[in-house]
Amino acid sequence: MRLRTLIRCSGSAAAIALVAAPAWAQDGGTPTAEAQQTPAAEGDEIVISGYRQSLESQQNIRRNSTQIVDAIVAEDIGKLPDIAVSDTAARIPGVQVERSGGEAGRVLVRGLPDFVTTYNGREIFTAETRSVALQDFPSGAIGAIEVFKTSTANLVEPGLAGLINVRSRRPFDFADFHVAGSAWLTYTYQARDYNPNGNIMVSDRWDVGGGEIGALLGLSYTSMHYRDSTRSNTDFVAGGGPNGTQFPDIQRVTYDEGDRERPSVNGAIQWRPSPGLEFYAEGLYQGFRNKLSSREMEAALWGGSGFSNAVTVPDRPDLLKSATVTNPRRVQGYQGGTYNTTDTYQFAVGGSFETGSLKITADVARTDSTFTGSTASVDYAFAAPQTIVFDTNADGGDGGAVFSIPGFDASNPANYIYRGFYEEAQQAKGKDWQARVDIVYETQMPWVKAFEAGVRYTDRDARREYGNRYFDREGDRRPFSAVPLTYELFDPGFRGADPQPGIVTWLSPTYDSIRENLAQLRDFNQPGLTGAPAADPQQTWDANEKHFAAYGQVRYEIPLGGEASIDGTIGLRYTRSDLDLSGTRFVLPAGGGPGVQTPTVVERRFEAWLPNFNARIRFTPQIQARFAVTETQTRPNFIDLRASGTLDRPNTNGCLELTPIPAGCYRTGNGGNPFLNPLTSRNYDAALEYYFSRNGFVSVSVFHRDMKGFIEGNTFTGTLPDGTPLRLNSPVNAGNGRIRGFEIQGSTFLDFVGLPQFGLQGNVTNLDARSDFNYDDGLNPDGSPLIRTVNRELLFVSDWSANAAVFYEANGLYARLAYNWRSAFPLTYQRRGDHLYTEEADPVQRLDLSVSYDLMPAVTLFGDWTNILGDPFSSTLTRTNTVGNALPVAGAFTATYPRVVRYEESTLTVGIRFRF
């Protein structure tokens, strides 16, 4: 594994080296006039009409933009060779994606997950969140994806990583009647299933009077049956092993299996009554349907009558590696049946007016998004304890947790009893009205090229309702088969896993029988019960945000003599957000009795002035540099700001009189934090770029972020008015932090070595992302909170990430082999009494292949293979003892074990694309 990783990482570096090599071999001559004059379509875009033209257009991104921005655009509908925009985004330099459930999910820009997504320059969101998943956009309906790595005053406030704008198709993108689409079949390797997918778009334009009008309609449907399979140790290292050894004393086998569908509709009408005047109306519908059949078997390794065949971790006689445990606590698990739906609508009208040097654009939009979730979980336990053979880190293969249950018949219903029924119901909604007006005035002044100004206003509502309940019925000792459901030995996962779990399938209710018998399940657990769980007031909240922004910006260009010049933007953006946050506080009285619910309303205002400066220095037609200094603000998510929470009863056993006060004596609470502040950041960027051919360039970028107020869940101590110590679990703002790093990217076709059919593209990013976090270490002698500051890495951020791709293009055949890799990154950081638990993801790598062949000019056959390597995602858990609930000290006890080994879905796709 280590050698394999080294070879692949070296391949990524080699791609960069090969890209850079011809740069130093050039004679420094001026590119052809055609290369100098080729503009990027619609600004800075990569036109997908062959990989060579794609790389050539990418150069225009860097040459023609005053910002650091990369983009990808379809020459015509269906040419984006991916199912979802998140897949397509992975083709943009400096962008990586994390995959689960058979699709590209979390998107990383420069290794960071914190970016803002807009749709045609407008804010768009799902339900109560501030963001939308890029995988909800089908690639076939998209005209371009633009990744802004630095900001300007006219953009919506970006995140730490920047902003991604998804641009849709409009009818005036096409010269006349146009129809295009794709149909494909996807096979999922772990789920062993086939799913149909397709999209179609029709567009036309007509002359009307002295102007013209156009209309476009696009339809898309994607579906996938996926299965991710996981072996894991628990996230806790306990004592109780033989000879006083410690070990993670629970192991699990977990399946996340689902059937996911995404219907989508987009349409647009454009009307140009006269030159310089244009109006449009457009709409978008995004749907999401997910039938999630999650299931788990959990084997407790504690509470048994004894251990045998015990083996300790090499060089650690105090840590248990493997053993056989006789009759530990009974095995348990669950079969879930979740059905989630999302429906998001956005409608917009707008237009533009242009006369002489003046251009005015305006847009008004309405967004309405609803998420509805229903979960029903049937819990089981083994009817009797079993002997379990386990290994916390199997030798060979992918390692990790493995257990087996000798002699257990997983198909016999008599071996299971019914344990309980969990049910959850939630609904989240988001709505907004947003409007913007932008003005651009082109001047005739020698150095000042244009004045730009604009205003934007958004009135946003968000609401979430949530309720759940559980019926514990293990004491009834009912046979599992007595529950009114249909049972089966489900199809196992773990295809290609090494080692295989000792048990991969067991008797379990089917998903359909759970969803179709909810009424019977409720009555079975509580006769006469009907309906889903009611909304819980302390888990229900509302928010309204009125956000106003105004900006002014100057575009400048200053000749420096000869071919050299400097141009860019200087701007200032003012933002103000007024929030009304409402929820319910639930307090359990100190003297006993029922809890008291109190409506809570909090009003907040966020205000900021955000300057920006962008400069591009053109030394020669081949060499240019960029500099940017900007300030950004990221508002907290509504769920973190929620004005709902719970305060538990105080401990009344006299422990408050003890010194020091024991941990269990604290009064505890949890909830949102309506007093959070936005994350603010001052950003510095610089880049040097060298264009050595029409389709070859190399760039080096460095960046630094000074930030304050990173938001993360934490537990901290305070004191109530009556003197009772309080431990509150809530989102909090961290202290000062910084992100600094560099990015190297390049691309070229290999004409200079006599291989014009082949091309290379690669990038490497290094990050150092840290922040101060305050952690509660109890109380000082005077009763004040004892807070210790820890400077640590940001979660989910790797130090290193890299992409490398090899292209082939000749005689209508196109192939792209893409490899991406990222180094280890932290997942969790938890304080539990005197123990610090950290979980870190191991390095991740993927290899994907795309191939297409033009059967004729209008028809293309294509295929894709994702996750070719099939390497599992894995993570490592470390427990470090701390002194007096403080920070780790040198020489402290440390235990490290594998945490998760997850085998993720691989997909094979074959389809046909047409355009007329």
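Colleague: What makes Asp259, Glu261, Asp512 and Glu516 a patch of negative charge on the surface?

Modeller: Asp and Glu count as negative, and a patch joins like charges within 9 Å, taking residues with over 30% relative accessible area and no salt bridge. A salt bridge is a side-chain nitrogen of Lys or Arg within 4 Å of a carboxyl oxygen of Asp or Glu. β12 (250-274) and α5 (511-516) each supply at least two residues of this patch. The model is predicted: local features need pLDDT of at least 70, side-chain atom pairs count only at pLDDT 80 or more, and totals for chains, interfaces and linings use all residues. Residues are numbered from 1 along each chain as its sequence is written, and side-chain values use heavy atoms, without hydrogens and water.

Colleague: Why is Asp259 called partly exposed?

Modeller: Buried means under 20% relative accessible area, exposed over 50%, and partly exposed in between (1.4 Å probe, protein chains only). Asp259, in strand β12, has 34%, so Asp259 is partly exposed.

Colleague: Why is Glu278 called buried?

Modeller: Glu278 has a relative accessible area of 15%, so Glu278 is buried. Its place is in strand β13 (residues 277-300).

Colleague: Which side chains make a polar contact with the side chain of Glu278?

Modeller: Those of Gln270 (2.9 Å) and Arg272 (2.9 Å). A polar contact is a pair of N or O atoms within 3.5 Å; within protein, one must be able to donate a hydrogen and the other to accept it, and residues adjacent in sequence count only if both atoms are side-chain atoms.

Key. Helix = DSSP H or I, 4+ residues; strand = E, 2+ residues; numbered from the N terminus.
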